[in-house]
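I opened this model to look up its pocket and its ligand, and I noted each result as I went.

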Amino acid sequence: MATEAPDGIQANADAAAARPSDASASMFALWPDRLRRSALILLVAGLVLAALVVFGGLPSARAIAAFVCIAGAALVPWNLHDTVASRDATLGANPVDAQAVQAIVAGVPDPTVLLDRAGRVIHLNAAAAQLVPALRRSELAQFALRSPEIITALREAITTRETRRATYLDHAPVDRWMELIITPVPVPSAFGGVDHCMLMTFHDQTPLRRVEEMRADFVANASHELRTPLAALSGFIDTLQGPARDDEKARERFLGIMHAQATRMARLIDDLLSLSRVELSAHVRPDTLVDLAPIVRQVADGLEPLAAERQVKIEIELPREPVMIAGDREELLRLFENLIENALKYGASGGKVMVSSMLAASPDGAPEFRVMVRDFGPGIAPEHLPRLTERFYRVDVGDSRAQGGTGLGLSLVKHILNRHRGRLLIESVPGQGATFTAGFPPARAAPIA
Ligand code: ADP
């Protein structure tokens, strides 16, 4: 007999096989009690029979025969009962009750429930109990799961003995989509032969669903953003071909608007392409050594005309010595262009934009080069801060469009920083401006000042 159980069923068989000796041990322990009861019965029977012989004229031979029968009946069934009870204990045990099976169910990381073929819960793990608190051992799972789709799937799995799938939706504390897979599992039956248990596992599909939703939202947003200028363009083309055909003044004005709309479309396509390029190479960290300071200066110089137009002064405080990081020059130009341009566009009322840098420690203690772009404009309300890097998210859509924005700039900044293994920090006090900080790991470990 195996001492180390290879599986739960074997372990159970061992336990059951070990029972007769346990039973016989307990039988001896109970003997005096039973003898006392049997002796009491025999005493009463003896007295009754003696009385019948003395006063009732019962022949003594019959009285003896009756006493023997009563004695046999009083003594033998106890033994018989023990034998039947120990056989029942051996055969009636449910093999999937074994602790090993319970341990396996408990060890599955996903919510898992094992049901008998009637749909009653045999075992469930902590994750399942947390997901569906109404599930109880020995109770029908249908009562706890309730959804018609799940009940149908369970019924079909039980009758057809084929795997069935259903969707389980959980709404508290947040929406979760789970795929429920019901797999019939053949197990040895308690009375010989094969029985079928139902193994129910829940698989969390929420991240996949979210990605699908995000992609659908992205396509919808991108089409909408492209359709708006396109509609304006075709409207003006119609007007120029029709009513305004000979109106030279209107033609000049309309052509100006059409140019602005076409530029907006071109910029949107440009940003979309940049975003997908950066995303495609997100896993490959740039390996060229670049100096950040000249890149930032080049961007600031390029934005001087916009700064002059908005009457904003750009102040740059960068170290003279090189600030070396492993980076992609074109992407870094794009990154600082977005940050400084946003500061000039949305923070123009402050009249000043400051670009500075420092060497500091990242949250995990590693050295980090930070480039801060600070403006003194209206700032951003705190509820918008966590969403600013989402694609097409804008605090004020009208304001962004009026500034020629696409709503993709900060998303691009975040992706570029991710690729450089850096991070973006956004701080703002409404009314006092905003600071956008790009943090980069230095090319070589540098001592923190
Ligand atoms: P957009 O193309 O609209 O500028 P971004 O992704 O660059 O898109 O920025 C998203 C939004 O963040 C902007 O529409 C604007 O509302 C807000 N924002 C960005 N920079 C600033 C800033 N310096 N001050 C105030 N708001 C800003």
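I looked up the largest pocket and found about 640 Å³ of space in it, a volume being the space filled by probe spheres set on grid points that are joined across faces, edges and corners. For a pocket I took, on a 1 Å grid over the protein atoms alone, an open set of points where a 1.4 Å probe fits, with protein on both sides within 12 Å along at least five of seven lines, and I took lining residues to have an atom within 4 Å of a point.

The model is predicted, so local features need pLDDT of at least 70 and side-chain atom pairs pLDDT 80 or more, whereas totals for chains, interfaces and linings use all residues. Residues are numbered from 1 along each chain as its sequence is written, and side-chain values use heavy atoms, without hydrogens or water.

I counted 33 lining residues, with N342, Y346, L388, V395 and L410 nearest the centre of the pocket. The helix α11 gives the largest share of this lining, eight residues; helices are DSSP runs of H or I, at least four residues, numbered from the N terminus.

Next I checked the ligand, and the space it takes is the largest pocket. α11 (329–346) and α13 (409–419) are the elements that give two or more residues to the shell around the ligand, and α11 gives the most, with four.

Lastly I looked for backbone N or O atoms beside ligand oxygen atoms, with polar contacts being pairs of N or O atoms within 3.5 Å. I found such an atom of T406 at 2.7 Å, one of L410 at 2.8 Å and one of V395 at 3.2 Å.

Note on methods: Polar contact = N/O pair within 3.5 Å; in protein donor to acceptor, adjacent residues only side chain to side chain. Sits in = over half its atoms within 2 Å of the grid points.
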